[in-house]
Amino acid sequence: MSELDNLYQEVVMDHGSNPRNMGPVNGAQKSAHGFNPFCGDLFDIEIRVENDTIADVGFTGKGCAISRASVSLMTEAVKGGTEAEAQELFTAFHSMIMADESIFEFEDELLGDVSALRGVSAYPTRIKCAILGWRTLVAALSGESQGKTISTE
Ligand code: ZN
């Protein structure tokens, strides 16, 4: 394994065992419920938006280490940014995890620590675990998910 792979793995393990932004969000206006039936990962995501900026984002629920690491890295990446920036990050994350190599370099700049999850793209059954938190975030932002479950199916 290369040094970079080791570094990536450390970041993923750190976030998987000690997820950031875990817990409900005070004064959240947006939320969504996500479920990955392939693994049993289950997250609720809550967001408080102030002046077009994601002032706070948090998650509750349970999932495997990959899903926890991904949702944790996601909350750190989008917090403090605009909703449009969060959408952009989702697009970049999605192409990384789906291994669309044409824009890898561009993504690394944009994604920062989230790039640590790129190794997951080699494991099709794990991709859904990694994508769950992001898909649930995007659904929450769109506001069209009230009362519905966002599934990775
Ligand atoms: Zn999982």
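**Close-up views of a predicted model**

**View 1. Surroundings of Ala-140 in the predicted model.** Setting aside neighbours up to four places away in sequence, Ala-140 makes contact with Lys-30, Ser-31, Ala-32, Ile-47 and Ser-145. The structure shown here and in the views that follow is a predicted model. Ala-140 belongs to helix H5. Its relative accessibility is 1%, and Ala-140 therefore counts as buried, the limit for this class being under 20%. Leu-110 lies 30 residues from Ala-140 in sequence, and the two C-alpha atoms are 22 Å apart in space.

**View 2. Thr-136, a second residue of helix H5.** Thr-136 is located in helix H5. With a relative accessible area of 0%, Thr-136 is buried. Apart from residues up to four places away in sequence, the residues that Thr-136 touches are Ala-32, His-33, Gly-34, Phe-43, Ile-45 and Ile-150. Ala-32 is thus a contact of Thr-136 and also of Ala-140.

**View 3. Packing of helices H2 and H5.** A pair of packed helices is described by the angle between their axes and by the distance between the axes. For H2 and H5 (residues 124-142), the angle is about 35° and the axes are 8 Å apart. The crossing of these two helices is right-handed. On the H2 side the contact is made by Ile-66, Ser-67, Ser-70, Val-71, Met-74 and Val-78, and on the H5 side by Arg-126, Cys-129, Ala-130, Gly-133, Trp-134 and Leu-137.

**View 4. The zinc ion and its donors.** Cys-39 (SG), Cys-64 (SG) and Cys-129 (SG) coordinate the zinc ion together with Asp-41, which is listed twice through OD, at 2.2 to 2.6 Å. Along the chain, the donors follow the spacing C-x1-D-x22-C-x64-C. Distant parts of the chain are linked by the pair Cys-39 and Cys-64, which are 25 residues apart: Cys-39 sits in the loop between strand S1 (30-36) and strand S2 (41-50), and Cys-64 in the loop between strand S3 (53-62) and H2. Cys-64 is buried, its relative accessible area being 15%, whereas Cys-39, at 33% relative accessibility, counts as partly exposed. Cys-129, a donor to the zinc ion, also takes part in the contact between H2 and H5.

**View 5. Thr-75 and Ala-77 on helix H2.** Thr-75 is part of helix H2, as is Ala-77. Thr-75 has a relative accessibility of 0% and so counts as buried. Ala-77 has a relative accessible area of 30% and is partly exposed. Residues up to four places away in sequence are not counted in the contacts of Thr-75, which touches Arg-20, Asn-21, Val-57 and Phe-59. On the same basis, Ala-77 touches Leu-89 and Val-114. Ala-77 and Val-114 are 37 residues apart along the chain, with their C-alpha atoms separated by 7.4 Å.

**View 6. The buried and exposed sides of helix H1.** Helix H1 (residues 3-17) has 15 residues and should span 21 Å at 1.5 Å a residue; the C-alpha atoms at its ends are 21 Å apart, in agreement with that value. The buried residues in H1 are Tyr-8, Val-11, Val-12, His-15 and Gly-16. Viewed down the axis of H1, these buried residues fall within an arc of 130°, so they line one face of the helix. Exposed residues on the other side of H1 are Glu-3, Glu-10, Met-13 and Ser-17. Helix H2 (65-78) is included in what covers the buried residues of H1.

Methods. Residues numbered from 1 in each chain as written. Predicted model: local features only at pLDDT ≥ 70, side-chain atom pairs only at ≥ 80, totals over all residues. Heavy atoms only, no water. Helix = DSSP H or I, 4+ residues; strand = E, 2+ residues; numbered from the N terminus. Expected span 1.5 Å × (residues − 1). Buried < 20%, exposed > 50% of the residue type's maximum accessible area, 1.4 Å probe, protein only. Arc of directions from axis to C-beta. Contact = heavy atoms within 4.5 Å. Donors = N, O, S within 2.8 Å, 3.2 Å for Na, K, Ca; no water. Axes fitted to C-alpha atoms, helices over the stretch in contact; angles between N-to-C directions. Left-handed = near helix turned anticlockwise from the far one by under 90°.
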